[in-house]
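Colleague: I'm new to this one and would like to know where the labels come from. Can we go through them together?

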Amino acid sequence: MPTIREIYRSKFGQPPNAVSQAPGRVNIIGEHTDYNGGFVLPTPTPLHTRCAVGRRDDDVLRAWSTARSTDSIVDVDTLAPEAIGGWTDYVVGILQALRGRGVDIRGIDLAVDSDLPLGGGLSSSAALAIAVGRAILALTKAKIDPVELAKLVHTSENEFVGAHVGIMDPLVCSIGLQRQLVLIDCRTIEVRYVNMPDSAALVVIDSGVRHANASNGYNSRRAECERACAALGVAEIRDLGRQAPPELAALDAAVQRRVRHVISENERVFGVVAALERDDLPAAGRILCESHASLRDDYEVSIPELDTLVELATATPGVYGARLVGGGFGGCVMLLTDRERSEQAARQVCRAYRERTGELLEVYLPKLGKRAGVG
Ligand code: ADP
Ligand code: MG
C-alpha cells in the first residue's frame, strides 16, 4: 500500500508540504437523541482518511482521491461561491471557512486516501473535511483549536455542501481519541471522555439495504418530536427529563412512542457509560439490545434485515449486544464484542445471515475487505 506522500508525489510530481489524517466515527448509543437536545456516545474508528497538500499561488484546488476510480484530477476555482455537488465541495467548504477565519491560504493541490467506506455511516465526510482542515492548518502554521475546527466543518457541511447534519460527526472526528468514547451533551456541546474497556471491540456490518424513503422517515420523526414538544410546552424532549408527563397520554399513540424512545434512549446512554466504566460488558450489551428494541418498536425505524442481523448477532459467541446504528431504514448494525473474538464473530454473523437470506454482507469494522465476512 503506497503512503499518502507517495500517492501525492505520483499525482503531482513533487512531495507535499503537509500531511494529516482523521478518523471516522461509530455511535455506540444515543440514536435520534441529538436533534432532541439529548446525549450521544460516539467513538472514533481505527480507520482513517489521510490527505496530503501542497500550496499553490493561485486560487485553484486540484484534488485527487483514491476513492474515485478515475485518473483525472478535479480542478476547482475556490473563489467560486457555488457548491458543485461533488466530493470537492467538502474540501472547498472547509478551505473557505478557514480563509474566513483569517488563515492565509489560496489554492492547494490535494491527494486523499481513506480506509473508510464512503456513505457507509462511519462519517467519511467529516473525516475528509477534518483531515483537510488539519492539513491546511499544518501547512499554514495557523492555530485553530479542534472544537472550533469541528464547528467550522459543521457549518460548512450544512451551509456550503448542503447536508443537514449535527455537530457529532465533525466533533468526534476532530477531538476523539482512539479507544475512548466521547459522551456529548448535544445541547451544550459539553463532552466527557469514557474509557473503552481493553477487552471490548466494536464490529460494524452493513446490511447493504439503502431505503429510498430514509430521509422522509427521518424528517417525519423529527416533525413528530416537534409536535410533541409544542403540545407539551417544552423546547426539546430533553426538557421532559426522565419521566414523560401525564399530558403525553393525550397525544396520538405514535407520538407517545417516539417520545418514549427519546427519553429512554437518553437513559440508556448513561446506562452504557456506567456499565463500561465498571467493565461490565454484558450489561452494556443488554442495553444496546434494548436500544435496538426501542428503535424497532417505539421509534419504528428498523427494517427486517436489521432485526435479523441483531437477532443473529446476539446468538453469536463473543457478542455482548447489538443494535442498528445510524438513522435506520437500512444501513448498518453495530456489535459490542469480546476483542479477541470480534473478527470470528463478524464472520460467523455474516455466514449465518447468508444461510438464512442468501445475501452477502460487507464488514466495515474490523476491516475484513469486501465481502470477506463470508468465507
Ligand atoms: P458518510 O459520512 O456516512 O460516509 P456521507 O454521505 O455523509 O456518508 O459522505 C460521503 C461523501 O463524502 C462521499 O459521497 C464523498 O462526496 C465524500 N467523501 C468522503 N470521503 C471521501 C474520500 N476519501 N474521497 C472522496 N470523497 C469522499
Ligand atoms: Mg457524513
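Modeller: Sure. Start with Ser65: a polar side-chain atom there lies 2.7 Å from a nitrogen atom of ligand 1. Bear in mind that this is a predicted model.

Colleague: What makes that pair of Ser65 and ligand 1 a polar contact?

Modeller: The cut-off is 3.5 Å between N or O atoms. The Ser65 pair is at 2.7 Å, so it counts as a polar contact. Ser125 also has a polar side-chain atom 3.0 Å from an oxygen atom of ligand 1. From Ser123 it is a polar backbone atom, 3.5 Å from an oxygen atom of the ligand.

Colleague: How much of ligand 1 does the protein bury?

Modeller: Taken alone, ligand 1 exposes 570 Å², and the protein buries 80% of that.

Colleague: Which residues are closest to ligand 1, and how many surround it?

Modeller: There are 17 around ligand 1, and the closest are Ser65, Gly119, Gly121, Ser124 and Ser125. Helix H3 gives the largest share of that shell, 3 residues. Strand S6 (108-114) and H3 each supply at least two.

Colleague: How do you know that H3 has the span expected of a helix?

Modeller: H3 runs over residues 124-140, which is 17 residues. At 1.5 Å a residue you'd expect 24 Å, and the distance from its first C-alpha to its last is 24 Å, so the two agree closely. Just after H3 comes Lys141, with a positive phi near 60°.

Colleague: Why is H3 called mostly covered?

Modeller: Buried means under 20% relative accessible area. In H3, 15 of the 17 residues are buried, so "mostly covered" fits.

Colleague: Why is Val191 called partly exposed?

Modeller: Its relative accessible area is 34%. Partly exposed covers what lies between 20% and 50%, so Val191 belongs there. Val191 is found in strand S8 (residues 190-195). Together with Leu177 and Tyr193, Val191 makes a nonpolar surface patch of about 230 Å².

Colleague: And Asp297, why is that partly exposed?

Modeller: Asp297 has 40% relative accessibility, which again falls between 20% and 50%, so the label is partly exposed. Asp297 lies in helix H8 (residues 281-297).

Colleague: What does the side chain of Asp297 make a polar contact with?

Modeller: The side chain of Arg296, at 2.8 Å. Those residues are adjacent in sequence, where a contact counts only if both atoms are side-chain atoms; here both are, so it qualifies. As for Arg258, 39 residues from Asp297 along the chain, the two C-alpha atoms are separated by 9.4 Å.

Methods:
Residues numbered from 1 in each chain as written. Chains lettered and ligands numbered in written order. Predicted model: local features only at pLDDT ≥ 70, side-chain atom pairs only at ≥ 80, totals over all residues. Heavy atoms only, no water. Helix = DSSP H or I, 4+ residues; strand = E, 2+ residues; numbered from the N terminus. Buried < 20%, exposed > 50% of the residue type's maximum accessible area, 1.4 Å probe, protein only. Patch = residues over 30% accessible without salt bridge, like charges linked within 9 Å, V, L, I, M, F, W, Y side chains within 5 Å. Areas by Shrake-Rupley, 256 points an atom, 1.4 Å probe, with all protein chains shown as cover. Salt bridge = Lys/Arg side-chain N within 4 Å of Asp/Glu carboxyl O. Near = heavy atom within 4 Å. Polar contact = N/O pair within 3.5 Å; in protein donor to acceptor, adjacent residues only side chain to side chain.
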